[in-house]
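Me: I'm new to this structure and would like a close look at a single part of it. Could you pick a helix, take me through it slowly, and then show me a few other spots for context?

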Amino acid sequence: MIGILRTITFSEIRTFLQCKRFGQRSFSVRTAESALQWSESIIPSLDSHTYGKLLRRCIQQNELISTKAIHCDVVKRGICLDLFASNILLDAYVKSGFAKDALKLFDKMPERNNVSYVTISQGNACEDPVGLYIRLHREGHELNPHVFTSFLKWFVSVDKAEIGWWLHSPIVKLGFNSNAFVGASLINAYAVCGYIDSARSVFEGILSKDVVAWAGIVSCYVENGFFEDSLELLSRMGNDGFMPNNYTFASALKASIGLGAFDYAKSVHGRILKTCYELDPRVGIGLLQLYTQLGDMSDALKVFSEVPKNDVVPWSLMIARFGQNGFCNEAVDMFIRMRQAFVVPNEFTFTSILNACAIGKCYGLGRQLHGMVVKGGFDLDVYVSNALIDVYAKCEKMDTAVKLFAELSSRNEVSWNTIIVGFANLDEAEEALSLFREALRNNVSVTEVTCSSAIGVCASLASMELGAQVHGLAIKTNNAEKVAVSNSLIDMYAKCGDIKDAQSVFDEIETKDVPSWNALISGYSTHGLSRESLRIFDIMKDSDCKPNALTFLGVLSGCSNAGLIDEGVECFELMIRDHGIEPCLEHYTCMVRLLGRSGQLERAMKLIEGIPYQPSVMIWRAMLSASIGQNNVELARRSAEEILKINPMDEATYVLLSNMYAGAKQWANVASVRRSMKEKGVTKEPGLSWIEHQGDVHYFSVGRLSHHPDMKLINGMLEWLNIKAKRAGYVPDRKAVLHDMDDEEKDKRLWFHSERLALAFGLVRMPLSRNRILIIKNLRICSDCHSAMKVLSSIVQRDLVIRDMNRFHHFHAGVCSCGDYW
């Protein structure tokens, strides 16, 4: 060992550390030469101990390049460092992030001790932690608490916490199980694995428990969802004389939120203020979670103003919660403040702000954020990409959404769900189903969101066959029992005309939520079974679920469909008086329709005049329809004028006015209305009916069959049905033809209405074993078709179900479920 010839000052050491400039762009030859000349003069006086001091100085000042420079000089001089200095050099490499170099140095060390192994474990340099521990054991090094603690932490950090039980045995054999530091590390390993009982056993075995051990066991219970037990442990901790720290406070907040014990959480906040832990980042995040979970964003902002803001986590959390609570503008403002504070956003920040943009349909901001995402390289993150797709989908820019989806290399189930839901929300049902099939072909994991989305698409198409297949898939993938999927199934079966199956799904739900009740009530109302919807509503009121605005809308719609005035008025008043729900435009529309169709036009008009905001087109359209039905021309004209003030291009108003004049045979006024439509470019929506057969949907419009491959068969069936219907007493209602033509032409035109074409196709192609035929129509069924369907249901001896734009009509044995009130 070479001795020290003279004392080296720190100023000389700093000169030696100028070697770090070799790795910088501003490299100076003169500086390098002077540093080397200086090192030549003092190197003979350096030994392992001095090198160790130099390396420690590098570690303290985070001098990464200097560490390598010193090592290079040692190698060049052929100096053999002792074990003490070698461990310091190893530690320098580990802390500098040179894991591979650290492992090479470790392997070349002529001798090692447990400090060497602990040091290499702290840098995660070795890919085989178990092998390294076995190597340590075989070389006969001392196994002390520091070794066990370091290796246990290493196992947890590399997601191999389950190996902790393998170390538990030697820990017990060596008597370290009562050591607080080793015990805390074991508890953490067992907590990650979810082995609560093992963690508790370790905790109880610690002789001198410290606050770290208490914090560890409390966190173990909280992270594994045992919130009540964690709070009991916190109480016991206080009784044993330990003061809570930032970790235990954070755990207490999380447990309280998990239990919904918000008052208790607020009391924890009070104790946090007394102990001055509110400035701790971990505690601050817990408090932000508390108040944002409560929806109390004002108190959340007060907490946010006190927490340190140099970290991205509190910013991202506030942005996310503002967006989730519908405060999209506030989320954007928070993001702008974050950028002004020079805090760099991460993938979670971008995901959160993009979700807020999607909720608020902020297309312009979404595009700007897209640019920032690409510049920051976050477009490769699947979660950020999914959020971008959602923004474009919600803003109805499906071309861009599809392009991003196609470019996404690592799609997950959320990617597929987002693009499928995007098409479904825009009523692009065929595209949505096509993507759903493609997802299945790509073996994408089917989640409850996937099932709910696909079932919703089937409901919009009224495709019972496809809906039943998706139902089967939901059962196979264990998603059918999830309440969101069950609610979608109730809605699907109801919209496909099978209210019995909808009721069956509802009965099988163990824990019903408000949407479950709403879906069934709405289903019964749409089917005209209003008494049944009222019965379900009464049962709901006695349950734990409180009716909301959608519940009352379903009940009012049912009362309107059945003409239940007293029940409807009582429900409307109950909603305001007992439930504190302010009526929206849809509630007023139902009430106007209910009163107007029942002949109480003046009462309906008073209700409109009492609406605290401007009535919508739908309200005046309900009034217009009711006025025409009651032959009140004056109110009909006023209603039409109000509608055209709001929307001069409203084609339904022109059609209703034209029908009113045609019914009164005022052909001049009919011509005037139609001329006005032509001048303004308003076109009437053509009447369409469609029917599903073997997965294909067949569309029919009035009098048009030339395009259909079964044209001859359908014409033959129509002729046969016409003969049978007339023999059964069917008489055409020529008032339903709103054109000036002779009676024979009217009769022919009536018989070729689109729903009858669809029925003829169904009778031709569907086997007799299929007792139920479902037809969907985009307009309201006319009076003649309604009468014809009642007669035909007796002739063909099948249940005929027609869903028009307002409701379902179930025709069975000559009777309709609506009771001829529609």
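Reply: Sure, let's start with helix 40, keeping in mind that this is a predicted model. Helix 40 covers residues 667–680, which makes 14 residues, and at 1.5 Å a residue they should span 20 Å. The C-alpha atoms at its two ends are indeed 20 Å apart, so the expected and modelled lengths agree.

Now look at which way its side chains point. Val670, Val673, Ser676 and Met677 are buried in helix 40. If you look down the helix axis, the buried residues fall within an arc of 125°, so they line one face. What do the buried residues of helix 40 pack against? Their partner is helix 39, residues 651–663. Turn to the face pointing away from that buried side and you'll find Ala668, Lys678 and Glu679, which are exposed. Right after the helix comes Gly681, with a positive phi near 75°.

Helix 32 makes a nice companion case. Its twelve residues, 530–541, should span 16 Å at 1.5 Å each, and the end C-alpha atoms sit 17 Å apart, which agrees. The buried residues here are Ser530, Ser533, Leu534, Ile536, Phe537 and Met540. Seen down the axis of helix 32, they fall within an arc of 160°, so they too line one face of their helix. The cover over them includes helix 30, helix 31, helix 33 (549–562) and helix 34 (565–577).

Between two of those covering helices is a loop worth a stop: Ile509 lies in the loop joining helix 30 (499–508) and helix 31 (514–526). Is Ile509 buried or exposed? With a relative accessible area of 7%, Ile509 falls under the 20% cut-off, so it counts as buried. Leaving aside residues up to four places away in sequence, Ile509 touches Val483, Ser486, Asn487, Ile490 and Ser516. As for Met540 of helix 32, Ile509 is 31 residues from Met540 in sequence and 14 Å from it in space, C-alpha to C-alpha.

One last spot shows how a pair of helices can meet. The axes of helix 7 (residues 114–122) and helix 9 (residues 145–157) come within 9 Å and cross at roughly 20°. The two helices are therefore roughly parallel to each other, and their crossing is left-handed. On the helix 7 side, the meeting residues are Asn114, Tyr117, Val118, Ser121 and Gln122. Facing them from helix 9 are His146, Val147, Ser150, Phe151 and Trp154.

Notes:
Residues numbered from 1 in each chain as written. Predicted model: local features only at pLDDT ≥ 70, side-chain atom pairs only at ≥ 80, totals over all residues. Heavy atoms only, no water. Helix = DSSP H or I, 4+ residues; strand = E, 2+ residues; numbered from the N terminus. Expected span 1.5 Å × (residues − 1). Buried < 20%, exposed > 50% of the residue type's maximum accessible area, 1.4 Å probe, protein only. Arc of directions from axis to C-beta. Contact = heavy atoms within 4.5 Å. Axes fitted to C-alpha atoms, helices over the stretch in contact; angles between N-to-C directions. Parallel < 35°, antiparallel > 145°, perpendicular 65-115°, else oblique. Left-handed = near helix turned anticlockwise from the far one by under 90°.
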